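Let's take a walk through this model together, starting on the inside and working outwards. Keep the viewer open as you read.

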Amino acid sequence: KPAQAAEKHYTIGTDVTYAPFEFANEKNQYVGIDIDLMNAIAKTEGFTVTIKPVGFNAAVQALEAGQIDGVIAGMSITPERQEKFLMSKPYYNVGVVMAVKQGSKIKSLKQLKGQRVAIKTGTAAANYALSVKDKYGFTTVTFDDSNNMYQDVTTGNSVACFEDSPVMQYAINTGLKLSIVTKPANPTGYGFATNKKNTELMAQFNAGLKKLKANGQYTKILQKYLGTGS
Ligand code: GLN
C-alpha cells in the first residue's frame, strides 16, 4: 500500500505582542486571533506549524530572507508588500489611528507641529505617519514593538503614536491610558504572507480561511477575543 505523505511543517513568524491578534496569556502561551486562525487553518488543510513571536519587523525581514515560511502578524495588505510577497485574502479590516495620552490637549494632526511622535518600525501606521510628517511638522522616534511605543506616549516623551484601530482600541479597553483622536485612515485588510514561491501554502491558507468563514469557526475565533459584538 502507498506510504502516506508526511504532513508538511511550516515556521510562521509573528509579532511579540499585538493583542488581540497575538499576545502571551497568563500561562505564557501565545494566543490571539492570528494564532487561532493559523492553527485552525493548519488543522483543516492538513499541515503543522510552529509559530515564532519574533517581532513584526523581524518577522517580515525573516520572511524576505527566506528564514521562515510565512508571517501572520496583523500584517496590512499593501501594494508594496504584494510586490514582494504573496498575501492572502483579507481576514480583518483595519485603518490607522492617532492616539494621545488621556487628557492631552492634542486632538488632531495639525497640533503635532514641532512635537515628537512615536512610531513602530516597518509598520503601515509608521509609513502613514512618515507620509504626513513634513506636512504637519512633527519629528518621529521609532520602537520595535507596540508596548514600548505606547509607553513613550504615556510617559510624555512623545505626544502621540500611530497604530491600527482595533489594536489601539483593544489596548485602551484593557487599561492603557491613551485616547484615539482621529478617524481610521488608509483602510486595508490584514493578510497572511508567504514568499512568492510558496503558492502551495498560500492556496491552503486561502482555502482554509474560506472553510472557517463558511462553518462559523472564523466568527467564533473573533468572538473569543472581541466579544459577541464583533
Ligand atoms: N498592520 C501593521 C502593518 O502591517 C502593523 C502590524 C504589527 O505591528 N504587527 O504594518
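**Starting from the inside**

Count the enclosed spaces of 30 Å³ or more, and you end up with one cavity. Bear in mind that this is a predicted model. The largest cavity holds about 100 Å³ of space. Its lining is made up of 14 residues, and if you go looking for its centre, the closest of them are Tyr18, Phe56, Gly74, Thr123 and Asp164. Two elements give two or more residues to that lining: helix H4 (124-136) and strand S10 (160-164).

What sort of residues line the largest cavity, in terms of nonpolar, polar and charged? The split is six nonpolar, three polar and five charged. As for where they come from, domain 1 (8-91 + 191-226) and domain 2 (94-187) each supply at least three residues to the lining.

Now over to the sheet. As a reminder, strands in a sheet pair through backbone hydrogen bonds, and they can do so parallel or antiparallel. Here we have an open sheet of five strands with mixed pairing, and reading across it gives the order S4-S1-S5-S13-S6. Strand S4 (47-53) and strand S6 (85-87) are the edges, each pairing on one side only.

Take a look at the S6 end. S6 pairs with strand S13 (residues 193-195) in the antiparallel sense, over three bridges. If you want a spot to click on, try Leu86, whose bridge partner in S13 is Thr194.

Which helices lie across these strands? One is helix H1 (residues 33-45), which lies across strand S1 (8-14) and S4 and runs at about 160° to S4. Another is helix H7 (residues 199-215), lying across S1, S4, S6 and S13. The angle between H7 and S1 is about 80°.

Before you close the viewer, there are a couple of backbone details to check in the loops. Most peptide bonds are trans, and most residues other than glycine have a negative phi. Against that background, have a look at the bond joining Ala19 and Pro20: this peptide bond is cis, with omega at about 5°. Pro20 sits in the loop between S1 and strand S2 (23-24).

Then move along to the loop between S2 and strand S3 (30-31), where you'll find Asn28. Asn28 isn't a glycine, yet its phi is positive, at about 65°.

Definitions and conventions: Residues are numbered from 1 along each chain as its sequence is written. This is a predicted model: local features need pLDDT of at least 70, side-chain atom pairs count only at pLDDT 80 or more; totals for chains, interfaces and linings use all residues. Side-chain values use heavy atoms; hydrogens and water are left out. On a 1 Å grid over the protein atoms alone, a cavity is a set of points where a 1.4 Å probe fits but cannot get out, and a pocket is an open set with protein on both sides within 12 Å along at least five of seven lines; lining residues have an atom within 4 Å of a point. Grid points are joined across faces, edges and corners, and a volume is the space filled by probe spheres set on the points. Helices (H or I, at least four residues) and strands (E, at least two) are DSSP runs, numbered from the N terminus. Ala, Val, Leu, Ile, Met, Phe, Trp, Tyr, Cys and Pro count as nonpolar, Asp, Glu, Lys and Arg as charged, and the others, Gly among them, as polar. Domain bounds come from an automatic or database domain assignment. Two strands pair if DSSP finds at least two bridges between them. Contact means heavy atoms within 4.5 Å. Axes are lines fitted to C-alpha atoms, for helices over the stretch in contact, and angles run from 0 to 180 degrees between N-to-C directions.
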